[in-house]
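Dear colleague,

Please find the structure below, handed over for your consideration. My findings follow it.

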Amino acid sequence: MNSEDSSRRGLILINTGPGKGKTTAAMGTALRAVGNGMRVLMLQFLKGSWHYGELDSTKAFGEDFVLKQMGRGFVKVGGAETDPEDIRLVESGWSEAHEAIMSGEWDMVVLDEINYAISYGMLDPELVAETLLNRPEMVHVILTGRNAHPILVDIADTVTEMREVKHAYQKGILAQRGIEY
Ligand code: ATP
Ligand code: MG
(Lines give C-alpha, C1' and ligand atoms only; values in the text may rest on other atoms or scores of the structure.)
(Ligands and ions follow the chains in the order given, each with its own letter.)
Protein backbone atom coordinates (compact mmCIF):
# COMPACT_ATOMS: atom_id res chain seq x y z
CA MET A 1 0.00 0.00 0.00
CA ASN A 2 1.51 3.37 -0.97
CA SER A 3 1.11 6.58 0.99
CA GLU A 4 -1.71 7.69 -1.28
CA ASP A 5 -3.71 4.56 -0.43
CA SER A 6 -3.15 4.86 3.31
CA SER A 7 -4.49 8.41 3.26
CA ARG A 8 -7.61 7.40 1.35
CA ARG A 9 -10.91 8.15 3.05
CA GLY A 10 -14.50 8.68 2.06
CA LEU A 11 -15.73 12.25 1.75
CA ILE A 12 -19.10 13.95 1.81
CA LEU A 13 -19.50 16.56 -0.92
CA ILE A 14 -22.42 18.93 -1.42
CA ASN A 15 -23.11 20.89 -4.61
CA THR A 16 -25.72 23.52 -3.81
CA GLY A 17 -26.72 27.11 -4.64
CA PRO A 18 -28.86 28.71 -7.35
CA GLY A 19 -26.38 28.57 -10.24
CA LYS A 20 -26.26 25.86 -12.88
CA GLY A 21 -23.82 22.97 -12.58
CA LYS A 22 -24.70 21.01 -9.44
CA THR A 23 -25.72 17.76 -11.11
CA THR A 24 -23.23 18.01 -13.95
CA ALA A 25 -20.32 18.64 -11.55
CA ALA A 26 -21.37 15.52 -9.62
CA MET A 27 -21.36 13.56 -12.88
CA GLY A 28 -17.91 14.90 -13.70
CA THR A 29 -16.62 13.72 -10.33
CA ALA A 30 -18.30 10.36 -10.90
CA LEU A 31 -16.58 10.05 -14.28
CA ARG A 32 -13.25 10.79 -12.64
CA ALA A 33 -13.90 8.10 -10.01
CA VAL A 34 -14.92 5.48 -12.59
CA GLY A 35 -11.67 6.17 -14.42
CA ASN A 36 -9.87 5.26 -11.21
CA GLY A 37 -11.52 1.85 -11.19
CA MET A 38 -14.16 2.87 -8.67
CA ARG A 39 -17.82 1.83 -8.84
CA VAL A 40 -20.36 4.65 -8.80
CA LEU A 41 -24.10 4.62 -8.16
CA MET A 42 -26.06 7.79 -8.93
CA LEU A 43 -29.65 7.94 -7.68
CA GLN A 44 -31.73 10.83 -8.98
CA PHE A 45 -34.47 11.91 -6.60
CA LEU A 46 -37.62 13.56 -8.05
CA LYS A 47 -36.39 13.19 -11.64
CA GLY A 48 -38.17 10.77 -13.95
CA SER A 49 -40.10 12.32 -16.80
CA TRP A 50 -37.33 13.87 -18.90
CA HIS A 51 -34.90 11.69 -20.80
CA TYR A 52 -31.49 12.98 -19.79
CA GLY A 53 -28.52 12.18 -22.06
CA GLU A 54 -26.60 10.83 -19.10
CA LEU A 55 -29.05 7.92 -18.81
CA ASP A 56 -27.60 6.60 -22.07
CA SER A 57 -23.97 7.66 -21.67
CA THR A 58 -23.61 5.95 -18.29
CA LYS A 59 -24.76 2.66 -19.87
CA ALA A 60 -21.40 2.56 -21.66
CA PHE A 61 -19.78 1.92 -18.27
CA GLY A 62 -21.95 -1.10 -17.44
CA GLU A 63 -22.02 -2.03 -13.76
CA ASP A 64 -19.24 0.45 -12.90
CA PHE A 65 -21.44 3.55 -13.29
CA VAL A 66 -25.11 2.95 -12.64
CA LEU A 67 -27.64 5.78 -12.89
CA LYS A 68 -31.24 5.38 -11.74
CA GLN A 69 -34.13 7.82 -11.70
CA MET A 70 -36.16 7.42 -8.54
CA GLY A 71 -38.97 9.89 -9.20
CA ARG A 72 -41.42 10.87 -11.92
CA GLY A 73 -40.55 14.54 -12.46
CA PHE A 74 -42.80 17.59 -12.17
CA VAL A 75 -43.11 17.51 -8.40
CA LYS A 76 -45.53 20.16 -7.17
CA VAL A 77 -43.54 22.84 -5.40
CA GLY A 78 -44.64 25.28 -2.73
CA GLY A 79 -48.30 24.49 -3.20
CA ALA A 80 -50.79 23.28 -0.66
CA GLU A 81 -50.24 19.55 -0.66
CA THR A 82 -47.49 17.31 -1.95
CA ASP A 83 -48.79 14.30 -3.88
CA PRO A 84 -48.49 11.22 -1.62
CA GLU A 85 -47.15 9.27 -4.61
CA ASP A 86 -44.14 11.61 -4.81
CA ILE A 87 -43.51 11.18 -1.07
CA ARG A 88 -43.69 7.40 -1.49
CA LEU A 89 -41.15 7.59 -4.33
CA VAL A 90 -38.78 9.71 -2.20
CA GLU A 91 -39.14 7.24 0.68
CA SER A 92 -38.37 4.22 -1.50
CA GLY A 93 -35.54 6.17 -3.16
CA TRP A 94 -34.07 6.95 0.24
CA SER A 95 -34.40 3.32 1.33
CA GLU A 96 -32.40 2.25 -1.76
CA ALA A 97 -29.84 5.02 -1.15
CA HIS A 98 -29.38 3.97 2.48
CA GLU A 99 -28.88 0.31 1.51
CA ALA A 100 -26.42 1.24 -1.25
CA ILE A 101 -24.31 3.48 0.99
CA MET A 102 -24.20 0.96 3.84
CA SER A 103 -23.56 -2.06 1.57
CA GLY A 104 -19.99 -1.00 0.78
CA GLU A 105 -20.57 -2.27 -2.78
CA TRP A 106 -20.17 1.24 -4.18
CA ASP A 107 -17.11 3.46 -3.86
CA MET A 108 -19.19 6.56 -4.55
CA VAL A 109 -22.92 7.21 -4.21
CA VAL A 110 -24.38 10.37 -5.75
CA LEU A 111 -27.70 11.51 -4.30
CA ASP A 112 -28.79 13.85 -7.06
CA GLU A 113 -31.45 16.45 -6.19
CA ILE A 114 -31.81 15.04 -2.67
CA ASN A 115 -31.52 18.57 -1.25
CA TYR A 116 -34.78 19.47 -3.02
CA ALA A 117 -36.57 16.45 -1.53
CA ILE A 118 -35.38 17.56 1.91
CA SER A 119 -36.23 21.24 1.46
CA TYR A 120 -39.75 20.31 0.22
CA GLY A 121 -40.24 18.44 3.51
CA MET A 122 -40.40 15.03 1.78
CA LEU A 123 -37.36 13.56 3.55
CA ASP A 124 -36.03 14.02 7.10
CA PRO A 125 -32.47 15.44 7.01
CA GLU A 126 -31.70 13.71 10.35
CA LEU A 127 -32.20 10.32 8.68
CA VAL A 128 -29.79 11.27 5.92
CA ALA A 129 -27.23 12.61 8.42
CA GLU A 130 -27.41 9.41 10.47
CA THR A 131 -26.66 7.26 7.42
CA LEU A 132 -23.81 9.52 6.31
CA LEU A 133 -22.22 9.46 9.76
CA ASN A 134 -22.50 5.66 10.04
CA ARG A 135 -21.44 4.74 6.49
CA PRO A 136 -18.43 2.54 5.71
CA GLU A 137 -15.48 4.93 5.96
CA MET A 138 -14.20 4.62 2.38
CA VAL A 139 -17.50 5.53 0.70
CA HIS A 140 -17.72 8.94 -0.98
CA VAL A 141 -21.18 10.54 -1.06
CA ILE A 142 -22.20 13.55 -3.16
CA LEU A 143 -25.47 15.40 -2.50
CA THR A 144 -26.88 17.91 -4.97
CA GLY A 145 -29.65 20.49 -5.14
CA ARG A 146 -30.33 24.01 -3.92
CA ASN A 147 -30.95 24.87 -0.28
CA ALA A 148 -28.73 22.21 1.26
CA HIS A 149 -29.91 21.62 4.84
CA PRO A 150 -27.58 23.14 7.50
CA ILE A 151 -27.15 19.86 9.37
CA LEU A 152 -25.86 18.23 6.17
CA VAL A 153 -23.63 21.20 5.33
CA ASP A 154 -22.26 20.86 8.84
CA ILE A 155 -21.16 17.23 8.45
CA ALA A 156 -19.97 17.58 4.83
CA ASP A 157 -16.26 17.85 4.01
CA THR A 158 -16.51 19.89 0.81
CA VAL A 159 -19.43 22.21 0.07
CA THR A 160 -19.65 24.20 -3.15
CA GLU A 161 -22.26 26.86 -3.75
CA MET A 162 -22.97 27.50 -7.43
CA ARG A 163 -23.59 31.22 -7.96
CA GLU A 164 -25.71 32.36 -10.85
CA VAL A 165 -24.05 35.12 -12.85
CA LYS A 166 -26.53 34.71 -15.69
CA HIS A 167 -28.55 31.91 -17.28
CA ALA A 168 -29.83 31.55 -20.85
CA TYR A 169 -33.30 30.91 -19.42
CA GLN A 170 -33.49 34.59 -18.41
CA LYS A 171 -33.33 35.52 -22.10
CA GLY A 172 -36.22 33.18 -22.78
CA ILE A 173 -33.99 30.45 -24.21
CA LEU A 174 -35.55 27.08 -23.47
CA ALA A 175 -33.65 24.04 -22.19
CA GLN A 176 -31.15 22.85 -24.80
CA ARG A 177 -30.24 19.25 -25.65
CA GLY A 178 -26.73 18.40 -24.43
CA ILE A 179 -26.69 21.36 -22.03
CA GLU A 180 -29.79 20.98 -19.88
CA TYR A 181 -30.73 17.38 -20.65
P1 ATP B 1 -27.23 20.89 -14.22
O2 ATP B 1 -28.06 19.61 -14.25
O3 ATP B 1 -27.24 21.55 -15.56
O4 ATP B 1 -25.88 20.69 -13.61
P5 ATP B 1 -28.20 21.92 -11.72
O6 ATP B 1 -28.14 20.53 -11.21
O7 ATP B 1 -27.29 22.92 -11.11
O8 ATP B 1 -28.03 21.91 -13.30
P9 ATP B 1 -30.99 22.00 -10.93
O10 ATP B 1 -31.36 22.88 -9.82
O11 ATP B 1 -30.94 20.53 -10.69
O12 ATP B 1 -29.65 22.52 -11.60
O13 ATP B 1 -31.99 22.33 -12.09
C14 ATP B 1 -32.21 21.47 -13.15
C15 ATP B 1 -32.48 22.21 -14.44
O16 ATP B 1 -32.66 23.60 -14.25
C17 ATP B 1 -31.30 22.09 -15.39
O18 ATP B 1 -31.85 21.89 -16.68
C19 ATP B 1 -30.60 23.40 -15.32
O20 ATP B 1 -29.98 23.78 -16.54
C21 ATP B 1 -31.71 24.33 -15.01
N22 ATP B 1 -31.20 25.43 -14.21
C23 ATP B 1 -30.20 25.38 -13.31
N24 ATP B 1 -29.95 26.60 -12.77
C25 ATP B 1 -30.84 27.44 -13.37
C26 ATP B 1 -31.08 28.83 -13.27
N27 ATP B 1 -30.39 29.58 -12.44
N28 ATP B 1 -32.09 29.35 -14.04
C29 ATP B 1 -32.80 28.57 -14.88
N30 ATP B 1 -32.61 27.25 -15.02
C31 ATP B 1 -31.63 26.68 -14.28
MG1 MG C 1 -29.49 19.15 -10.63
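**Findings**

Thr23 is buried, with a relative accessibility of 11%, under the 20% cut-off. Please bear in mind that the model is a predicted one.

Thr23 is also one of the protein donors of the magnesium ion (ligand 2): Thr23 contributes OG1 and Glu113 an OE atom, at 2.0 to 2.1 Å from the ion. These two donors come from distant parts of the chain, 90 residues apart. Thr23 belongs to helix H2 (residues 22–35), whereas Glu113 sits in the loop between strand S4 (108–112) and helix H5 (114–119). Glu113 likewise counts as buried, because its relative accessible area of 11% is under 20%.

Helix H2 deserves a closer description. How far apart are the end C-alpha atoms of H2, and what span should its 14 residues have? The separation is 20 Å, and the expected span, at 1.5 Å a residue, is 20 Å as well, so the two agree. Viewed down the axis of H2, the buried residues lie within an arc of 130° and therefore line one face of the helix. Those buried residues are Lys22, Thr23, Ala26, Met27, Ala30, Ala33 and Val34. In general, an α-helix has 3.6 residues a turn, so residues three or four places apart point the same way. Arg32 and Gly35, on the other side of H2, are exposed. After H2 comes Gly37, which has a positive phi, near 80°.

Turning to ligand 1, 14 residues surround this molecule, and the closest are Lys20, Lys22, Thr24, Tyr116 and Glu164. Three polar contacts may be of use to you:

- The side chain of Glu164 has an N or O atom 2.2 Å from a nitrogen atom of ligand 1.
- The side chain of Lys20 places an N or O atom 2.4 Å from an oxygen atom of ligand 1.
- A polar backbone atom of Pro18 lies 3.2 Å from a nitrogen atom of ligand 1.

A last point concerns Leu55, which is found in helix H3 (residues 53–57). Is Leu55 buried or exposed? Leu55 is buried, because its relative accessible area is 15% and the cut-off is 20%. Apart from neighbours within four places in sequence, Leu55 is in contact with Trp50, Leu67 and Gln69. The C-alpha atom of Leu55 is separated by 28 Å from that of Val165, a residue 110 places away along the chain.

Yours sincerely

Terms used. Residues are numbered from 1 along each chain as its sequence is written. Chains are lettered from A and ligands numbered from 1 in the order in which they are written. This is a predicted model: local features need pLDDT of at least 70, side-chain atom pairs count only at pLDDT 80 or more; totals for chains, interfaces and linings use all residues. Side-chain values use heavy atoms; hydrogens and water are left out. Donors are N, O and S atoms within 2.8 Å of the metal (3.2 Å for Na, K and Ca); water is not among the atoms, so sites may look incomplete. Helices (H or I, at least four residues) and strands (E, at least two) are DSSP runs, numbered from the N terminus. Buried means under 20% relative accessible area, exposed over 50%, partly exposed in between (1.4 Å probe, protein chains only). Contact means heavy atoms within 4.5 Å. The expected span of a helix is 1.5 Å times one less than its number of residues. The arc is that of the directions from the helix axis to the C-beta atoms. A residue is near a molecule or strand if one of its heavy atoms lies within 4 Å of it. A polar contact is a pair of N or O atoms within 3.5 Å; within protein, one must be able to donate a hydrogen and the other to accept it, and residues adjacent in sequence count only if both atoms are side-chain atoms.
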